[in-house]
Amino acid sequence: MKRDWRASLRYYWNVKVLGNAYLRWQRWKMERKGPPRKWRTDILAPPLKIGARTKELISRHYLEGRYANGHKPVAWVTSGAPVEILQALGYYVLYPENHGALCGARKVSVEIASEAENAGYSRDICSYARTDIGAMLSGKTPVGKLPKPDLLFACTNICQTVLFWYRVLAEHFKVPLIVIDTPFVYTSPEEHSIEYVKKQLENAVPIAEEVAGKKLDYKKLKQVMRYSRMAADLWLQVMERGKNRPAPISVFDQFIHMAPIVEMRGKPETVDFYAAMLKEVDERIEKGIGAVRNEQRRLLWDNLPIWYKLRELSEYLAERGVAVVASTYTMAWGELAPLIDPEKPFESMARTYIQPILNVGTGKKLEKMKKMIEEFQLDGAILHSDRSCKPYSIGQVDQRNRLIRDYGVPALLLEADHNDPRAYAEEQARARLDAFIEMLY
Amino acid sequence: MGKIAAIGIDVGSTTAKIVGVDEKGEFIWSYIEPAHPRVEDQVDRFLKKLEEENGPIDGIPIVATGYGRNLVHQATRKVTEITCHALGVFRQLGHGGTLIDIGGQDSKVIIIGPSGEVVDFAMNDKCAAGTGRFLENTAGRLMVKLDEMGQLALSSEEEVPISSTCTVFAESEIISMIAHGVRVEPILKGLHRSLVKRVVAMVRSVGLVPPLMLSGGVVKNPAIRKMIEEETGQKVIMPDHPQFMGAYGAALIALRGSRRK
């Protein structure tokens, strides 16, 4: 990448001076204001105070992105990419999947995905990929402007779609693409597979160095790994607090507040953020505050959120005394924390990134769900059958039937899509949810 | 005939049904009409008809079910079709098992427990394949009366496979078959098979718990019944008023609610 002092000047002025001050002021205002008027305080606890910081972090992240080109090297990465290497090299890291989720939550994903569809990309392709490609082609985004990548970094541990998706990006932006291939783990990872991933990570370093125009500082890498580990540990603890009755936070809260652990892993402010969140969650436990005011039934959520229906679903369930307190999805960014070893950065990265939930056998997911049902004392499960995420949805029919057989709890397969509201049939979904809830009581 | 003690109204996608039960929960009065877009008016008319034939209904509890249940403002409670069907069928047949209900716009498979509770259920996905609409659509195209379809299908030895389960695509497939000179009866047989296979796949997804029971408007069609038996290898049991099971279950819930008070 070419550095440009004017870009750096713009970055410092707009992000570090104006942006930071403005965002801090916004946060200050939000912390002093009560819950927003549309917040259903009759059925839900008031919003988490940490929300003001989440908003500040995310806004700053995209603001930095807006002015990053020319000042910092920029990488676009997949959600399960070993991003620590890039963080240590001072990259600005953009997560197209998170950006896609944001578009979904702001209800603009259809408009942006249509840009990709109009260019010939099939509607059968993952809605994140379509949203991202649409944003790439049209420049449309709710965050102002996305920076152009200098490097693309894709890891196949979440799906095979990324392989083709990132090739499209590489073709469009004419920048180097690093692919980390993670062999599928059926039961437990083979040592030779870990070695294979480790070698690829080591080989990725010189390319990332060349694009960044600087050498990797191993001391810095270890520090980044430590921050990753600390933040993931804290995130895991936050989620485990859901074992309390009533659960201090719901999975819907987790969906919102997981953004930093996904897109700001390896940064000190992310560690501070989750430490503060844990403190607030513990205060709620002390005061006996439940995320759902009248918690009567507790559920598990499997698969990605339905981003464009978050609030509706959360309110619909809360109205009926149902709290969703554990999810396999948010857990994915915490459960591997113990594997991160800052002293052995490459080996532990290989070991961690080879076994996220989507790269291991479906039996493993079933085991995880069973463990959650016991440990979180759950009364049922909603399995979102996500049209866009095949690797997550495969096996759900059997998983559902086994949960019913082994635990006698009702389990619902809810057909939808994480980012494409056109694949969500309101009436049908409502009919299933209504009947499912009658079964819970 | 006893006095009506509770009322159940089932506003479905294709038909609207009303059932009255006596204080013992016996099915004593019913009425059915094609579903009207103005649900409230239709329900008012239903209740007036009931009053004319059975006397005043003041104070009698009403439970509504079906897609339009939330528009029935006269109802004291609204309950889903799943729970209502399970209850209605359980009360009529006296045992649990697997219930297949094929309605106008959705079909459902309900596993009913030994005391009438819903153990598990599955519904068709976001399309009309495997529902009454599938047959209705193609009946029109083939100029066959809906209530003759089943007999005609059964009258044919031959059967042409219909590969599309999608209602719209199946129609195009049929048009091209007619263009190739294929007779109507084998096409009809293939159509029924396609629907039944779709429904039986749903039964398999939840796991069949015998005995197998059948309700909904489509069961009036003899071919569907026969083919379900062929595909599952199970004898099918039917309640007396298969089309009214949702409304009947709703009436039973209304009755139970009034007893509790």
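Two strands are taken to pair if DSSP finds at least two bridges between them, and helices (H or I, at least four residues) and strands (E, at least two) are DSSP runs numbered from the N terminus. The structure is a predicted model, in which local features need pLDDT of at least 70 and side-chain atom pairs count only at pLDDT 80 or more, whereas totals for chains, interfaces and linings use all residues. Residues are numbered from 1 along each chain as its sequence is written, and chains are lettered from A and ligands numbered from 1 in the order in which they are written.

In chain A, strand 5 (residues 297-302) and strand 7 (residues 380-386) run parallel and are joined by four bridges. Within this pairing, Leu300(A) has Ala381(A) of strand 7 as its bridge partner, and Trp301(A) is matched in strand 7 with Ile382(A). Strand 7 of chain A also runs parallel to strand 8 of chain A, to which six bridges connect it, and here Ala381(A) stands opposite Ala411(A) of strand 8. These pairings belong to an open sheet of four strands in chain A, with the order 6-5-7-8 and parallel pairing. Its edges are formed by strand 6 (322-327) and strand 8 (411-416), each of which pairs on one side only. Neighbouring strands of the sheet are turned against each other by 30 degrees on average, direction ignored, where axes are lines fitted to C-alpha atoms, for helices over the stretch in contact, and angles run from 0 to 180 degrees between N-to-C directions.

Burial was assessed from C-beta atoms placed from the backbone, a residue being buried if 20 or more other C-beta atoms lie within 10 Å of its own, exposed if 12 or fewer, and partly exposed in between. On this criterion seven of the seven residues of strand 7 of chain A are buried. In a regular strand the side chains alternate between the two faces of the sheet. Both faces of strand 7 of chain A are covered, with Gly380(A), Ile382(A), His384(A) and Asp386(A) buried on one side and Ala381(A), Leu383(A) and Ser385(A) buried on the other. Strand 8 of chain A is likewise mostly covered, five of its six residues being buried. Helix 16 (residues 362-375) of chain A lies across strands 5, 6 and 7 of chain A and runs at about 165 degrees to strand 5, contact between two residues requiring that their C-beta atoms, placed from the backbone, lie within 7 Å.

Elsewhere in chain A, helix 6 (residues 127-138) has twelve residues and reaches 16 Å from its first C-alpha to its last, close to the 16 Å expected at 1.5 Å a residue, the expected span being 1.5 Å times one less than the number of residues. Helix 6 of chain A is largely enclosed by the rest of the structure, because ten of its twelve residues are buried. Among them are the charged residues Arg130(A) and Asp132(A), and the buried residues of the helix pack against helix 4 (96-105), helix 5 (109-118) and helix 7 (161-173) of chain A. Gly139(A), which follows helix 6, has a positive phi, near 75 degrees. By contrast, Asp406(A), found in helix 18 (residues 396-407) of chain A, counts as exposed because it has 11 C-beta neighbours inside 10 Å.

In chain B, five strands form an open sheet in the order 3-2-1-4-5, with mixed pairing. Strand 3 (27-34) and strand 5 (77-78) of chain B stand at its edges with a single partner strand each, so one side of each is left without a neighbour in the sheet. Strand 1 (residues 6-11) and strand 4 (residues 62-65) of chain B pair in the parallel sense over four bridges, and the bridge partner of Asp10(B) in strand 4 is Thr65(B). Helix 1 (residues 39-54) of chain B lies across strand 1, strand 2 (15-21) and strand 3 of chain B, running at about 145 degrees to strand 3.

The contact between the chains takes 13 residues from chain B and 13 residues from chain A. On the side of chain B that touches chain A, strand 8 (118-123) and helix 2 (81-93) of chain B each supply at least two residues, and strand 8 of chain B gives the most, with four residues.
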